Amino acid sequence: MCGIVGYLGFRRADEVIISSLKRLEYRGYDSWGVAIGNGKLSLVKKVGAIGDVEEYSIGDGTLGVGHTRWATHGKPSESNAHPHTDCKNNIAVVHNGIISNFQMLKEKLIEEGHEFKSETDTEVIPHLIEKYYKNSIEDAVINCIVNLRGSYAFVAMCANERKLVACRYKSPLILGVGDKEFFLASDVTAILEYTSRIVYLQDGDIVILTDDGFKILNDCVEVDRQIELVPWGIKDAKKSGYDHFMIKEIHETPKVVEDTLSEYVSDEIELDVSFAAGISEILIIACGTSYHAGLIGKYVIEGLTGIPVRVEYASEFNYHPLLVGRPLAIAITQSGETADTLEAMKKAKKFGARVVTITNVLGSTATRIADHTLYIRAGPEICVAATKSFIAQLIVLYVLALKLANLPRHEINELILELKLIPERIQRILDAKDEIEKIAKRLAKFENMMYVGRGIGYPIALEGALKMKEISYIHAEGYPAGELKHGPFALLGEKTPVIASVIEDPTYEIMLNNIKEVKARDSIVVAIANEDDKEIDKYVDWVVKVPKTNPMFSPITQSVALQILAYYTAKERGCEIDKPRHLAKSVTVE
Ligand code: G6P
């Protein structure tokens with residue numbers, strides 16, 4: 001939700017900021033703005049997608065801030081776009097988060113004579129800084145934040161000081177350290193072009209940047225924070241010849257699976273699971289696609305270990321956070337910054353749970369709350385819709401379940417071998433993607449779809465439907481196939497195709513019966529099934545064939561096929577794909 005950038009160095013700040021903002025667009029993209037300081041403030045604010053630097057004369061300074069917005073307070077408009085300024089247009093602020101007490105602060109500031117130009121919560125920050133400003137932006141910011149409630153990552157600058165001051169509290173912010181130049185950004189992908197030396201800031205940190213270096217304060221005391229080298233490169237944050245990040249990222253999945261597996265598995269599983277000693281229950285908390293990974297994890301962990309697993313939307317768990325016994329909480333979050341998931345982790349800790357996070361982002365907030373972190377090795381994921389990171393999350397859940405399982409060694413070894421074959425199987429799906437594209441082109445004309453599955457096929461259906469709806473804007477629902485007759489049958493017919501996840505496990509026969517029932521109601525049926533399944537062709541209209549694997553691993557192969565199906569359907573409908581309307585990749589507000 002919203003991306004912020006700050007730059008102080010020797011390059012043209014407008015160029016650095018606009019190029020960095022473009023890499024942050026996936027965090028929000030209804031409006032944007034840049035402020036450059038060079039004795040006075042030069043300001044540009046626009047509604048819509050971020051433009052090119054040549055289109056605007058922003059000013060040739062080497063210090064500035066920028067913002068890409070996902071509206072929370074106030075609709076997308078130039079006046080609500082950041083940077084926000086004080087009454088004299090001297091101080092500029094870009095902010096990500098929510099100032100929950102802004103109304104009260106705003107009323108007080110208005111009484112004191114401040115004039116507001118926007119409907120945003122953010123605007124109270126530059127006015128507060130103005131109120132406290134004597135001759136140092138640093139001191140004024142320190143006085144300002146005492147008044148703020150809520151969550152914030154913001155960067156402030158003053159036209160007549162060569163300084164940036166940034167604060168982080170419950171919203172993400174990193175510092176990039178270059179050679180005689182410094183960057184502030186909501187996440188690392190924004191600045192990979194310039195540096196991979198990163199300081200992950202912590203809650204309460206205040207960063208002061210000048211040409212001489214940086215200083216970090218926390219609780220009024222100067223603190224040392226380590227500079228870490230991120231293993232990602234700029235090519236990870238570029239489309240590299242693909243039409244969209246989504247299809248590029250799907251194509252990266254075989255490598256991502258290999259990298260994630262090699263983190264935890266050599267000849268045997270090398271994962272220290274001491275965090276799970278003596279646990280009586282596992283609670284998985286997550287949002288969106290990560291929640292669906294958790295649902296699949298439930299089937300796998302319960303099936304292999306017998307440990308009961310509860311999966312909760314983090315946003316729901318937060319309002320009835322009950323845990324009993326000695327629970328282990330697993331928070332799954334690609335970004336490590338989803339506000340509801342972070343809050344659920346804190347609640348689970350309060351209830352005495354040990355908390356493990358499965359995440360993609362080094363140094364993210366989730367890693368700091370958790371007692372233990374299991375990284376996926378997915379590299380940066382830019383498309384709002386999660387693809388490769390979802391598959392990598394599944395890999396970690398499989399490895400964890402296998403490690404906790406009480407199975408004979410040879411059975412574990414067989415399953416590990418099978419897992420190691422997954423990258424090649426995904427590659428075969430990618431090589432045959434044209435076949436999926438043909439089906440997608442036929443599906444693109446429909447406005448409603450039903451995704452169904454049974455057993456482990458059910459969460460596959462949920463994720464398939466989510467992918468379809470978020471990028472193609474087709475209304476798609478995921479349902480357990482056995483529940484269709486308890487309501488959704490009323491929706492079926494020739495205008496509502498049904499996408500059926502068919503797994504060769506004990507659910508197979510009954511799934512075929514469900515498909516026949518659907519066909520009797522005139523819906524087109526598309527099955528996702530094993531390539532050697534000849535039977536299925538008799539009952540459905542079209543089949544997406546995937547390589548055969550142990551049924552337990554079919555969520556991987558089937559989900560990759562469903563991601564490709566959603567991608568080509570959305571492409572046929574001319575959708576934006578990487579940045580679906582109203583959505584953001586990183587949801588940093590509850
Ligand atoms: C947003 C994204 C989804 C993602 C979800 C959870 O809604 O658009 O793609 O699955 O957040 O994000 P997380 O980073 O916690 O996995």
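Q: What makes the pair formed by an oxygen atom of the ligand and the side chain of Thr338 a polar contact?
A: In this predicted model, local features need pLDDT of at least 70 and side-chain atom pairs count only at pLDDT 80 or more, while totals for chains, interfaces and linings use all residues. Residues are numbered from 1 along each chain as its sequence is written, and side-chain values use heavy atoms, with hydrogens and water left out. A polar contact is a pair of N or O atoms within 3.5 Å. An N or O atom in the side chain of Thr338 is 2.5 Å from the ligand oxygen, so the pair is a polar contact.

Q: Why is Cys158 not paired with Cys144 in a disulfide?
A: A disulfide requires two cysteine sulfur atoms within 2.5 Å. The closest cysteine sulfur to that of Cys158 belongs to Cys144 and is 13 Å away, therefore too far for a bond. Cys383 is likewise in no disulfide, the sulfur of Cys575 being nearest at 12 Å.

Q: Why is Cys383 called buried?
A: Buried means under 20% relative accessible area, exposed over 50%, and partly exposed in between (1.4 Å probe, protein chains only). Cys383 has 0% relative accessibility, so Cys383 counts as buried.

Q: How do you know that the buried residues of H16 line one face of the helix?
A: Helix H16 (residues 508-519) is a DSSP run of H or I with at least four residues. Its buried residues are Tyr508, Met511, Leu512, Asn514, Ile515 and Val518. Seen down the axis, they fall within an arc of 160 degrees, taken from the directions to the C-beta atoms, so they line one face.

Notes:
Helices (H or I, at least four residues) and strands (E, at least two) are DSSP runs, numbered from the N terminus. The expected span of a helix is 1.5 Å times one less than its number of residues. A polar contact is a pair of N or O atoms within 3.5 Å; within protein, one must be able to donate a hydrogen and the other to accept it, and residues adjacent in sequence count only if both atoms are side-chain atoms.
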